[in-house]
Amino acid sequence: MKNVRKFLLVVVFIGVAIAAQAQNDREIIPVDWKGIEKLAKKNPEKIKEQVARLSAEQLDTAMTWEERIVAYYGQSYITPFTDHNEGRDLDKLYRDSKYEECLAASKKLLEKNPVSMKALFNAAMAISQMLNDSTRHYDVTLKEGQVYYNRLSRIFNTIATTGYGTKEHPFFVTAVSDEYLFMRYYLEIWEIKSQFLEGCCDGFELGEISEYYTRPDIYFEITRVLQLESEMLQGK
């Protein structure tokens, strides 16, 4: 795990400047769930257009933070359940060292949901493992892995713009797995003492601080997570 962590921290995160400012008085853009849901019903193609821009190999520097938020959070209304069972399947393939299968399954999920953090993370990690395997040659390249890492980094930056991590101004997420990926691979927080639910927020008591986050706890706004879980239970 330490090697994986080091690899990611060295190769992936080119956008940590925003996270480093997470505790300062910078401008934040909370997610307007009602507005995004209305857009998803009225004009889903607009969300898909923004998702395509956010997912492009080359960063669209003209894309605003509001447009990035529409892309990432709006996608949860276009493909609401893609990261649940399929995300767990990817994790298992990776744990079982089935890296080629993990990459193929990640690509398949990304065809449906181009901003799936689960799929981007597993695709990138599967490629890194294959590149580090000196016993055989895989048909993958560092550039391909970097494409997934860069897209993941953009999403991390987008999440970082939505809050400070406090109870009053939490970071917004669309899946519980987003929380752990964001804490570990963006804020460099790995040790967690406890987790608790407080209103529409998922809170964590942290066991360590990092260069990018020094508060003793962190909060994530999970309105969309709770909504998705409720819809799944109702079989919608």
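In this predicted model, the buried residues of helix α3 pack against α4 (44–55), α5 (65–78), β1 (171–172), β4 (217–221) and α11 (223–233). The residues in question, within a helix that spans residues 33–42, are Trp33, Ile36 and Ala40. They lie on the same side of α3, because the arc that they cover around the axis is only 70 degrees. The face turned away from this buried side carries exposed residues, namely Lys34, Lys38, Lys41 and Lys42.

Leu39 also belongs to helix α3, but with a relative accessible area of 23% it is partly exposed, since the buried class is reserved for values under 20%. When neighbours within four places in sequence are left aside, the contacts of Leu39 are with Pro44, Lys46, Ile47 and Val70. Between Leu39 and Tyr77, which are 38 residues apart in sequence, the C-alpha to C-alpha separation in space is 9.6 Å.

The largest nonpolar core comprises 62 residues, of which Tyr73, Phe182, Leu187, Ile218 and Phe220 touch the most other members. Helix α8 (residues 117–131) supplies the largest share of this core, with 10 residues. For Phe220, once residues up to four places away in sequence are excluded, the residues touched are Pro170, Phe171, Val173, Glu179, Phe182, Met183, Cys200, Cys201, Asp202 and Phe204; among them, Phe182 is itself one of the core residues that touch the most other members.

The strands β1, β4, β3 and β2 form, in that order, an open sheet of 4 strands with mixed pairing. The edges are occupied by β1 and β2 (192–198), each of which has a single partner strand, so that one side of each is left without a neighbour in the sheet. Helix α10 (residues 176–185) packs on the sheet and touches β1, β2, β3 and β4, while its direction makes about 35 degrees with that of β3. Strand β3 (residues 201–206) runs antiparallel to β4, to which it is joined by 5 bridges, and in this pairing Gly203 stands opposite Tyr219 of β4. The pairing of β2 with β3 is likewise antiparallel and contains 6 bridges, with Leu197 placed opposite Asp202 of β3. In the hairpin that these two strands make, 2 residues lie between the strands, and Gly199 takes a positive phi near 65 degrees.

Two cysteines adjoining in sequence, Cys200 and Cys201, were examined for a possible bond. The sulfur of Cys201 is the closest cysteine sulfur to that of Cys200, yet the separation of 4.5 Å is too far for a bond, given that a disulfide requires the two sulfur atoms to lie within 2.5 Å. Cys201 is accordingly in no disulfide, its nearest cysteine sulfur being that of Cys200, and a search of the whole structure finds 0 disulfides. In terms of solvent accessibility, Cys200 is partly exposed, with a relative accessible area of 37%, whereas Cys201, at 5% relative accessibility, counts as buried. Both Cys200 and Cys201 are included in the contacts of Phe220 described above.

Note on methods:
Residues are numbered from 1 along each chain as its sequence is written. This is a predicted model: local features need pLDDT of at least 70, side-chain atom pairs count only at pLDDT 80 or more; totals for chains, interfaces and linings use all residues. Side-chain values use heavy atoms; hydrogens and water are left out. Buried means under 20% relative accessible area, exposed over 50%, partly exposed in between (1.4 Å probe, protein chains only). The arc is that of the directions from the helix axis to the C-beta atoms. Contact means heavy atoms within 4.5 Å. A nonpolar core is a set of buried Ala, Val, Leu, Ile, Met, Phe, Trp, Tyr and Cys residues joined through side-chain atoms within 4.5 Å. Two strands pair if DSSP finds at least two bridges between them. Axes are lines fitted to C-alpha atoms, for helices over the stretch in contact, and angles run from 0 to 180 degrees between N-to-C directions.
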